[in-house]
Amino acid sequence: MRPELTCDELLTTTRSVRRGLDLTRDVDLDVVKRCLSVALQAPNGANRQSWRWLVLTDPDLRAEVAAVYRRAFDDRNGPPPPSPPAPGDRPARMAADARELAAKLHRVPVLVIPCLELDTSELPAGSQASLWSSLLPAAWSYALAARTYGLVTAWTTVHLDREKEVARLLGLPPTVHQGALLPTAYGTRTRFRPGPRRPLEEVLHVDGWRGGTGVHHRTDRVGDRAHGRVRDEIPEEGRV
Ligand SMILES: Cc1cc2nc3c(=O)[nH]c(=O)nc-3n(C[C@H](O)[C@H](O)[C@H](O)COP(=O)(O)O)c2cc1C
């Protein structure tokens with residue numbers, strides 16, 4: 001059954017789901033295709049639509065890609081800590097969840113790898129933002145659309161440390177560049193809460209950098225963060 005979600009709910013409660021994945025339930029390729037059709041309405045540079053969508057359903061292929069993901073994850077994170085995360089230790093909990101996802105990735109029924117096909121095998125110098133903006137909004141639309149079908153996804157990129165190995169497995173030409181890997185499965189639940197985020201006033205700058213209501217506060221906190229003092233409040237995004 002498709003969950004009924006308001007727009008706000010959809011946008012504020014679509015999480016990176018690593019634990020609540022129903023690994024026993026198949027995902028129909030047609031449903032994934034419907035979500036991808038939604039994604040194709042995202043903005044992209046000059047409407048060139050250089051995106052390419054690799055959808056992996058074959059168990060052997062998923063296992064091979066998952067093995068690369070795990071190697072990249074282990075290289076980056078080392079062995080697991082000796083004890084489970086203490087209650088309330090959010091970063092440690094997130095790291096443990098990420099490790100669990102890495103361990104079971106081969107069992108996730110669908111892996112979606114959004115890619116960009118460019119003219120060159122080297123990423124062009126210059127604005128990476130405008131380059132990747134022709135893919136990543138669409139990839140997020142896919143995650144949102146999937147949610148409306150009762151599916152859950154997790155945004156992951158750690159395999160990009162070994163991007164070429166995955167490219168070889170999938171037969172990607174050198175001009176195809178991977179942007180993420182989105183494990184996709186039915187969720188063991190369909191409702192989630194908003195995630196922990198800095199309040200808007202800490203990150204808002206109106207009419208220039210110095211126009212932020214919390215500019216000085218924010219700078220202090222970034223300094224604190226570098227020394228690990230606010231680690232329990234702010235998840236380190238982009239790292240696992
Ligand atoms: C650029 C980027 C890279 C990420 N890479 C990974 C990853 O490789 N593995 C993983 O388990 N989660 C990864 N995440 C998920 C983040 O850790 C997650 O979004 C963050 O902890 C916030 O949780 P939430 O999305 O549930 O709110 C990534 C997210 C982003 C945006």
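**Group meeting: a walk through the predicted model**

Let me begin with a pairing of strands, in which strand S1, covering residues 21–22, runs antiparallel to S6 and is joined to S6 by 2 bridges. Within that pairing, Asp-22 is the residue that stands opposite Tyr-186 of S6. I should say straight away that what we are looking at is a predicted model, and that everything I describe today is to be taken in that light.

Staying with S6 for a moment, which other strands does S6 pair with? S3 is one of them, running antiparallel to S6 with 3 bridges between the two, and here Leu-111 has Pro-183 of S6 as its bridge partner. S4 also runs antiparallel to S6, again with 3 bridges, and in this case Thr-153 is found opposite Thr-184 of S6. As for how covered S6 is, 6 of its 6 residues are buried, which leaves the strand mostly covered.

Let me now step back to the whole protein, whose secondary structure amounts to 9 helices and 6 strands. Of the 240 residues in the protein, 25% are buried. If we take the contacts with a separation of 6 or more, 83% of them are between residues that lie 24 or more positions apart.

Next I would like to turn to helix H6, which spans residues 136–148, has 13 residues, and reaches 19 Å from its first C-alpha to its last, close to the 18 Å expected. Which residues of H6 are buried? They are Ala-138, Ala-139, Tyr-142, Ala-143, Ala-145, Ala-146 and Arg-147. When reading that list, it may help to recall that an α-helix has 3.6 residues a turn, so residues three or four places apart point the same way. The buried residues of H6 pack against two helices, H1 (7–13) and H2 (29–39), and against strands S2 (51–56), S3 (110–117), S4 (151–153) and S6 (182–187), so S6, the strand I opened with, is among the partners of this helix as well. Just after H6 comes Gly-150, with a positive phi of about 80 degrees.

There are also positive phi values in residues other than glycine, and I would like to show two of them. One is Gln-49, whose phi is near 55 degrees and which sits in the loop between H2 and S2. Is Gln-49 buried, exposed or partly exposed? Gln-49 counts as partly exposed, because it has 13 C-beta neighbours inside 10 Å. The other is Asp-207, with a phi near 60 degrees, placed in the loop between helix H8 (200–203) and helix H9 (215–226). Asp-207 has 7 other C-beta atoms within 10 Å and is therefore exposed.

Finally, let me come to a pair of helices. Two packed helices are described by the angle between their axes and the distance between the axes. For helix H3, residues 59–77, and helix H7, residues 163–170, the axes come within 9 Å and cross at roughly 170 degrees, which means that H3 is roughly antiparallel to H7. By class, the contact of H3 with H7 has 5 nonpolar, no polar and 2 charged residues. On the H3 side the residues are Leu-61, Glu-64, Val-65 and Val-68, and these meet Glu-165, Val-166 and Leu-169 in H7.

Key:
Residues numbered from 1 in each chain as written. Predicted model: local features only at pLDDT ≥ 70, side-chain atom pairs only at ≥ 80, totals over all residues. Helix = DSSP H or I, 4+ residues; strand = E, 2+ residues; numbered from the N terminus. Expected span 1.5 Å × (residues − 1). Buried ≥ 20, exposed ≤ 12 C-beta atoms within 10 Å, placed from the backbone. Contact = placed C-beta atoms within 7 Å. Pairing = 2+ DSSP bridges. Axes fitted to C-alpha atoms, helices over the stretch in contact; angles between N-to-C directions. Parallel < 35°, antiparallel > 145°, perpendicular 65-115°, else oblique. Nonpolar A, V, L, I, M, F, W, Y, C, P; charged D, E, K, R; others polar.
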